[in-house]
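Colleague: I should like to learn how to read a ligand site, a helix face and some backbone features. Could we take them one at a time?

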Amino acid sequence: MDFTYSEKTELLRAQLSNFMDTYVVPRIGQWNTEVHAGQYPVSFMEDLKSLAKEEGLWNLFLPHLRADEPGTQLSNLEYAPLAEIMGRVPWSSEVFNCNAPDTGNMEVLHMFATEAQREQWLVPLMNGDIRSAFAMTEPDVASSDATNIETSIRREGDDYVINGRKWFITNANHPNCKFFILMGKTDPEADTHRQQSMVLVPMDTAGVEVERNITTINHHSPEGHAEILFRNVRVPVSNLIGKEGDGFMIAQARLGPGRIHHCMRAIGMSEVCLELMVARSQERKTFGKYLHKHGAIGEWIARSRIEIEQARLLVLKSASLIDQVGARGARKEISMIKVIAPTLLTTIADRAMQVFGAMGVSPDTPLADFYTGGRVLRLADGPDEVHLQTIARLEIKESQDNLLKAANYLTPPNRA
Ligand SMILES: Cc1cc2nc3c(=O)[nH]c(=O)nc-3n(C[C@H](O)[C@H](O)[C@H](O)COP(=O)(O)OP(=O)(O)OC[C@H]3O[C@@H](n4cnc5c(N)ncnc54)[C@H](O)[C@@H]3O)c2cc1C
């Protein structure tokens with residue numbers, strides 16, 4: 001397997017890195033200052049979006065773009081290294097219209113929207129004029145098992161009436177968030193995986209109440225992880241995505257490429273942690289030696305490099321598999337990277353914080369935010385344990401043909 005970046009990928013990487021160095025990195029301080037002062041979206045976001053669009057650095061994540069749609073047509077393997085570069089400054093993905101959960105929602109609408117839904121929701125989303133959210137998780141049920149979802153979507157004439165409570169709904173506090181893709185149950189009596197449906201719910205519909213923005217490990221995300229009450233929310237039946245009962249299938253289709261994006265962004269953050277660790281360890285001395293000359297810290301640097309390279313190769317393999325056989329065929333690899341990348345990030349951020357001493361846990365470095373980002377990613381898009389269960393299940397299934405061969409390696413004693 002050869003994951004050497006193609007010439008096209010190298011050109012885009014250089015262009016994107018240059019854009020980041022010229023326009024994004026110099027504004028990290030300003031972003032922090034404005035957001036802490038309650039200004040969101042930040043004053044320069046629309047300018048940066050325009051620049052990115054002009055440069056063709058727009059909607060880089062969608063392999064199946066139509067010719068008349070804005071953006072590039074990169075494969076998952078081509079996009080993955082670009083997601084890594086964006087991950088270095090987590091808020092930057094929005095500059096290129098490549099931020100979750102809008103990316104996943106665009107993929108869903110791209111695959112399943114009617115022409116009218118396309119015009120009303122997908123086109124403005126692809127143009128970056130609006131933002132969106134994906135509302136599945138509920139506080140009252142274990143939502144890592146999507147069949148538990150209880151929000152009701154009841155048909156009444158030409159409308160659906162929605163009742164339920166959702167939480168951790170990313171982006172819902174963004175002032176430009178205009179709609180949700182909401183998952184609920186249209187038929188609680190149907191087969192387990194046909195009870196769910198997805199509907200489009202405009203943010204300003206009567207009965208949608210955004211109650212709070214939930215902090216994560218006390219970290220405030222301005223775009224929000226919102227708790228939302230849907231009380232007798234009425235939308236026309238034309239807002240259904242696909243058919244009634246398709247919700248579970250659509251949820252599955254939505255999640256493959258998004259996990260590549262999350263994991264590559266985590267690798268980008270891990271690289272920044274390592275770069276900071278390496279720089280700091282060459283500036284500070286204790287007991288007569290630079291920090292990197294102390295064995296423990298040299299080992300953290302070395303291990304971090306090894307672990308980043310391992311993780312990146314596995315993510316690139318998963319991206320390549322999705323391109324070749326689709327997300328379903330790449331299920332095991334996708335679950336593997338979803339377990340590895342967040343833990344990689346928390347481990348390397350933790351080492352870097354330690355090397356920085358007290359400054360490492362202050363707001364003067366991005367390390368604490370990166371650590372939080374890695375830790376919450378062990379839950380978002382499926383907890384580690386669910387992915388480990390998937391890997392084990394597939395491993396057991398694939399082993400069936402080899403059980404007899406495996407037995408040949410056993411040499412038990414002959415017992416009388
Ligand atoms: C930062 C962040 C952003 C999020 N954004 C969104 C969003 O935009 N939209 C949305 O709908 N949701 C979002 N979520 C919610 C996320 O998808 C859920 O938290 C996740 O699916 C787990 O569901 P739960 O919290 O109900 O945990 P539960 O389902 O209650 O699971 C709790 C724990 O049980 C254990 N567990 C579960 N299954 C197994 C198993 N098979 N084997 C062993 N142990 C198991 C795991 O340790 C798991 O963490 C977000 C979450 C976070 C933290």
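Modeller: We shall begin with the basis of the model and then turn to the ligand, a helix and the backbone.

Modeller: This is a predicted model, in which local features need pLDDT of at least 70 and side-chain atom pairs count only at pLDDT 80 or more, while totals for chains, interfaces and linings use all residues. Residues are numbered from 1 along each chain as its sequence is written, and side-chain values use heavy atoms, with hydrogens and water left out.

Colleague: Which residues come nearest to the ligand?

Modeller: A residue is near a molecule if one of its heavy atoms lies within 4 Å of it. Here 20 residues surround the ligand, and Phe134, Thr137, Ser144, Phe168 and Thr170 come nearest. By class, the shell has 12 nonpolar, six polar and two charged residues; Ala, Val, Leu, Ile, Met, Phe, Trp, Tyr, Cys and Pro count as nonpolar, Asp, Glu, Lys and Arg as charged, and the others, Gly among them, as polar.

Colleague: Where does the ligand lie with respect to domain 2 and domain 3?

Modeller: Domain bounds come from an automatic or database domain assignment. Domain 2 (131–243) and domain 3 (249–399) both contribute residues to the shell, so the ligand lies between them.

Colleague: How far are N or O atoms of Phe134, Phe168 and Thr170 from a nitrogen atom of the ligand?

Modeller: A polar contact is a pair of N or O atoms within 3.5 Å; within protein, one must be able to donate a hydrogen and the other to accept it, and residues adjacent in sequence count only if both atoms are side-chain atoms. A backbone N or O atom of Phe134 is 2.8 Å from a ligand nitrogen atom, and for a backbone N or O atom of Phe168 the distance is 2.9 Å. In Thr170, a side-chain N or O atom lies 2.8 Å from a nitrogen atom of the ligand.

Colleague: Which residues of helix H3 are buried?

Modeller: Buried means under 20% relative accessible area, exposed over 50%, and partly exposed in between (1.4 Å probe, protein chains only). Helices (H or I, at least four residues) and strands (E, at least two) are DSSP runs, numbered from the N terminus. In H3 (residues 45–54), Met45, Leu48, Lys49 and Ala52 are buried. The face turned away from that buried side carries the exposed Asp47 and Glu54.

Colleague: What is the phi of Phe168?

Modeller: Phi of Phe168 is near 60 degrees, a positive value in a residue other than glycine. Phe168 belongs to strand S3 and is partly exposed, at 37% relative accessibility.
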